[in-house]
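Trainee: I have a model open and would like to understand the reasoning behind the words used for it. Could we go through it together?

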Amino acid sequence: MKSWGPVLEVWEGYAADLEVRYAGSSGGLASAIALYCIEQEAMHGLLHIGADKKAPLENETVLSVSRDEIVARTGSRYAPASPCDGLSMVAAAPAPCAFIGKPCDVTGVTLASSLKGELVEKIGVTIGIFCAGTPSSQGTLDLLEKEGIDPQTVEEARYRGKGWPGKFSVKIKEEQMPLEVMTYRDSWGFLQKYRPYRCHLCPDSTSEFADIACGDPWYRPVKEGELGQSIAVVRTERGKEILKGAMEKGYVILKKTDPSILEKSQREILQKRGAVWGRILTMKMFGIPTPKLLGFSLFQNWLKLTFKEQIRSIVGTFRRILVRKYYMRRRTNFTNTIFETHRKT
Ligand SMILES: Cc1cc2nc3c(=O)[nH]c(=O)nc-3n(C[C@H](O)[C@H](O)[C@H](O)COP(=O)(O)OP(=O)(O)OC[C@H]3O[C@@H](n4cnc5c(N)ncnc54)[C@H](O)[C@@H]3O)c2cc1C
């Protein structure tokens, strides 16, 4: 599909394990599928991220090997994370491992596997999460300060989960109970302004390179107290096989749904993908280096935007270039931000 990458099947549902479902960001599907892979598919562990034990507002890459470890690391973390920096743990593992990450992380696994053939055998399954962009760590610090909370006193922060979509909550050192700071909507509304520009140039918000991609079924309002639900997009035959096994063994409860649920649930993501062509065109007009993004039907997606959105993708980028002085980068070595993504299908 031109806007959503390879789509073999779309399902909606949740983790059968109530604790995983409750703790999970949406319906705990990503964690439940990974748990199935470890317990039933003889995978060694799950490479993903969790809160850094020493710096709880930051993230660390971990290889979880038990249910408890996976449950402790459920939930979306709206701060930089780089699970690919743990691929050496997967390479050294005695059996294949599952991987969970954002679309760019999954792309990283794909690229690393193409360079290091031995990884192909070691990556048992890639589970991608949808991602509209990752806010910088400064976002969380500013959010806490705005709410009068000293970041130094925070022992644990959860951006969502523990209910759907859950609340941004923190546990303050020496306090017994976590403090619910604000709703997911309000916290994301604040944090999203801290997404780096590279995220605004990313056309893949739904983990198109993953075997299975998980996101939120936002196509309908969430009722008060409702338990979590997720969307699962099956992208490969491997993903199909794993999801079927997870259903048969009772790890996940799913019902097949129409792919049109994606468009109804993820309007922001669709709009972002559409804007990429206009943004890149404007950057090129200024001679600013841009990512090479092949196979994402960028122009066709831009054409689907309203006229107002099309204009905004160009004028907004023009304004950004001037305000943030991106034009100064024309002659500098910008190669570290150049990123080649080619979709095979
Ligand atoms: C920055 C960000 C933006 C997102 N934007 C959207 C969006 O626009 N639309 C949408 O539907 N969903 C979005 N999500 C994904 C969504 O929040 C859920 O993660 C997804 O629905 C899976 O839910 P789950 O209950 O199955 O996951 P869970 O079972 O709770 O598992 C979540 C997994 O994600 C991993 N993870 C958490 N944060 C990160 C991170 N920053 N980087 C890499 N891995 C991480 C955890 O290690 C865990 O394994 C976003 C997530 C993030 C982190």
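Mentor: Gladly! Keep in mind that this is a predicted model. The domain assignment gives domain 1 (9-136 + 196-265) and domain 2 (267-342).

Trainee: How far apart are the C-alpha centres of domain 1 and domain 2?

Mentor: They lie 27 Å apart.

Trainee: What makes residues of domain 1 count as being in contact with domain 2?

Mentor: The C-beta atoms, placed from the backbone, have to lie within 7 Å. By that test, 11 residues of domain 1 are in contact with 14 residues of domain 2. The side of domain 1 that touches domain 2 has four nonpolar, four polar and three charged residues.

Trainee: Now to the helices. Why is H12 called oblique to H14?

Mentor: Helix H12 (residues 267-285) and helix H14 (residues 307-323) pack at an angle of about 50°, with their axes 8 Å apart. Angles under 35 degrees count as roughly parallel and 65 to 115 as roughly perpendicular. An angle of about 50° fits neither class, so H12 is oblique to H14.

Trainee: Which hand does the crossing of H12 and H14 have?

Mentor: H12 passes H14 in a right-handed crossing. On the H12 side the contact includes Gln271, Gly274, Ala275 and Gly278. On the H14 side, Ser313, Ile314, Thr317 and Phe318 are among the residues that make it. By class, this contact has six nonpolar, seven polar and two charged residues.

Trainee: And what makes H2 roughly perpendicular to H10?

Mentor: H2 and helix H10 (residues 237-248) pack at an angle of about 85°, and their axes are 10 Å apart. The range for roughly perpendicular is 65 to 115 degrees, and about 85° falls inside it, so the term applies to H2 and H10.

Trainee: Which residues of H2 and H10 meet there?

Mentor: Ala32, Ile33, Tyr36, Cys37 and Gln40 in H2 meet Ile242, Leu243, Gly245 and Ala246 in H10. That contact divides into seven nonpolar, two polar and no charged residues.

Trainee: How do you know that a residue belongs to those that surround the ligand?

Mentor: Its C-beta atom, placed from the backbone, must lie within 6 Å of the ligand. There are 36 such residues, and the closest are Gly24, Ser31, Ala132, Gly215 and Asp216.

Trainee: Which helix and strands each supply at least two residues of that shell?

Mentor: Helix H2 (29-40), strand S2 (46-51), strand S4 (97-101) and strand S9 (212-215) do. By class, the shell has 13 nonpolar, 18 polar and five charged residues.

Notes: Residues numbered from 1 in each chain as written. Predicted model: local features only at pLDDT ≥ 70, side-chain atom pairs only at ≥ 80, totals over all residues. Helix = DSSP H or I, 4+ residues; strand = E, 2+ residues; numbered from the N terminus. Nonpolar A, V, L, I, M, F, W, Y, C, P; charged D, E, K, R; others polar. Axes fitted to C-alpha atoms, helices over the stretch in contact; angles between N-to-C directions. Parallel < 35°, antiparallel > 145°, perpendicular 65-115°, else oblique. Left-handed = near helix turned anticlockwise from the far one by under 90°. Contact = placed C-beta atoms within 7 Å. Domains from an automatic or database assignment.
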